[in-house]
Amino acid sequence: MKIYLFLAALIAGASASNVIDLTPDNFDTVIGQGKPGLVEFFAPWWYNLAPIYEQLADAYAHAKEKVVIAKVDADGEGKPLGKKFGVTGFPTLKWFNEKGEAEPYESGRDLDSLAAFITKKSGVKSSIKPPPPPETTILDVHNFDEVALDKSKNVIVSFTAPWCGHCKNLKPTYEKGNSFDQSQTNLCVVANLDADDKKNSAIREKYEITSFPTINEEAIVAFLNEKCGTHRAVGGGLSDEAGRLADFDALAGKFATALSTTKGSIYQEALSLAASAGTGSKHYLRVMEKVVNGTEGYVEKESKRLAAILKKRTLSPTKLDEIKIKANILRAFSQEKVAEAEEKVARAEAEL
């Protein structure tokens, strides 16, 4: 018996809902009694808003004395209520003010849109955790010209609408472009503007925004790399070319194939070249220094170590970029370079 009672309690707890079921018998005792509320008129046999509606009610469970989240089976017991409030399709959502006066709900049916509407109408905040700050620069009529028309930077702007499915699908991909915005060059800005917002209508008309097309990630990355002079990769992070310098690549290949007795002179040549090359050459110099000073198998061991770190991807994006550049530069000293150089020598000798 004790086991049965315990299981029954679990089942009762699991089935508890914060959505109030309304019928013709209790409707007037809940709606119009000083609390506003959102009511879903649904039919069991047709699409309804569960589980989103259940999540919505849970988000306002702390404010049951201030706002109502309810539902009516408008094809069953609550059919007279559906007829009374002009329900012709399912699900239909209606907002009732404190006096019980109804108005249609015509916004989005995702959790965030529903919660935003209720908070706006009732002044009651939900328990939904706010989303993280946007990864892109948000533009509107007030800052568009200042940011988008800044001649010192390359700016890409996505014109979107909250209701646009393609825009929602594009968002995660587009926000990866923020890595260009955070690059050391600081020459690129990845921005977004809500072109469906009335206050931005003048901008929408000026730039003839009439639709919201889908842009694939490859196109975004290629465009930004070209305009920003960067080497970002599809999917995030840096490409295999990031951090590489042509002059030092040539020295690295020469160093990798040189005899031990001549590596020191190539290192000195690299030091001289570094004076005009800036900080981008420091990783090349470090590899040469390690090898010249006798660190056995340094290139191979360090390449494996960095590859393992990059595979785990547990560090911050900035740190991973630093490691990727080091790994890229090590490739210039790899055995592939040695084999490539030997192949060139063999071809040259064959032609003699």
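Colleague: Between which two helices is the loop that holds Arg-313?

Modeller: Arg-313 is found in the loop between H14 and H15. Please bear in mind that this is a predicted model. The backbone of Arg-313 deserves attention, as its phi is near 55 degrees, a positive value in a residue other than glycine.

Colleague: Which other residue has a positive phi although it is not a glycine, and is that residue buried or exposed?

Modeller: Glu-208 has a phi of about 55 degrees. Its place is the loop between helix H9 (201-206) and helix H10 (217-228). Residues count as exposed over 50% relative accessible area. Glu-208 has 66%, so the residue is exposed.

Colleague: Let us turn to the peptide bonds. Which residues does a cis peptide bond with omega of about 5 degrees join?

Modeller: That bond joins Ala-50 and Pro-51. Pro-51 sits in the loop between strand S2 (37-42) and helix H3 (52-59). A cis bond also runs from Phe-90 to Pro-91, with omega near -10 degrees. The loop between helix H4 (79-84) and strand S4 (92-96) holds Pro-91.

Colleague: How should one read a pair of aromatic rings, and how many aromatic pairs does the structure hold?

Modeller: A pair of aromatic rings is described by two quantities, the distance of the centres and the angle of the planes. The structure holds 14 such pairs. In one of them, the rings of Phe-41 and Phe-85 have centres 6.0 Å apart and planes at 50 degrees, so the pair is tilted. Phe-41 belongs to strand S2 and Phe-85 to the loop between H4 and S4, so the contact ties together parts that are 44 residues apart in sequence.

Colleague: Are Phe-41 and Phe-85 buried or exposed?

Modeller: The cut-off for buried is under 20% relative accessible area. Phe-41, at 0%, therefore counts as buried, and Phe-85, at 16%, is buried as well. Ring pairs also link Phe-27, Phe-41, Phe-85 and Phe-96 into a cluster.

Colleague: Why is the pair of Tyr-284 and Phe-333 called tilted?

Modeller: The ring centres of Tyr-284 and Phe-333 are 6.3 Å apart and the planes stand at 50 degrees, so this pair is tilted. Tyr-284 lies in helix H13 and Phe-333 in the loop between H15 and helix H16 (335-351), so the pair ties together parts that are 49 residues apart in sequence. Tyr-284 and Phe-333 are buried.

Colleague: Which residues of the largest nonpolar core touch the most other members?

Modeller: Of the 24 residues in this core, they are Phe-248, Tyr-284, Met-288 and Phe-333. The elements that give two or more residues to the core are helix H11 (246-257), helix H12 (260-277), helix H13 (282-292), helix H14 (298-312) and helix H15 (317-331). The largest share, five residues, comes from H15.

Colleague: Which residues does Met-288 touch, not counting residues up to four places away in sequence?

Modeller: Met-288 touches Leu-251, Ala-252, Phe-255, Ile-266, Tyr-267, Ala-270 and Phe-333 under that restriction. Apart from the largest core lies another, of 19 residues, including Leu-38, Ala-57, Leu-93 and Val-124.

Colleague: Phe-255 appears among those contacts. Which residue lies over the face of its ring?

Modeller: Lys-263 lies over that face, at 4.6 Å from the ring centre. Phe-255 thus offers two readings: a contact of Met-288 and a ring with a lysine over its face.

Key. Residues numbered from 1 in each chain as written. Predicted model: local features only at pLDDT ≥ 70, side-chain atom pairs only at ≥ 80, totals over all residues. Heavy atoms only, no water. Core = buried A, V, L, I, M, F, W, Y, C linked by side-chain atoms within 4.5 Å. Buried < 20%, exposed > 50% of the residue type's maximum accessible area, 1.4 Å probe, protein only. Helix = DSSP H or I, 4+ residues; strand = E, 2+ residues; numbered from the N terminus. Contact = heavy atoms within 4.5 Å. Phe/Tyr/Trp six-rings, centres within 6.5 Å; stacked < 30°, edge-to-face > 60°. Lys NZ or Arg CZ within 6 Å of the ring centre and 35° of its normal.
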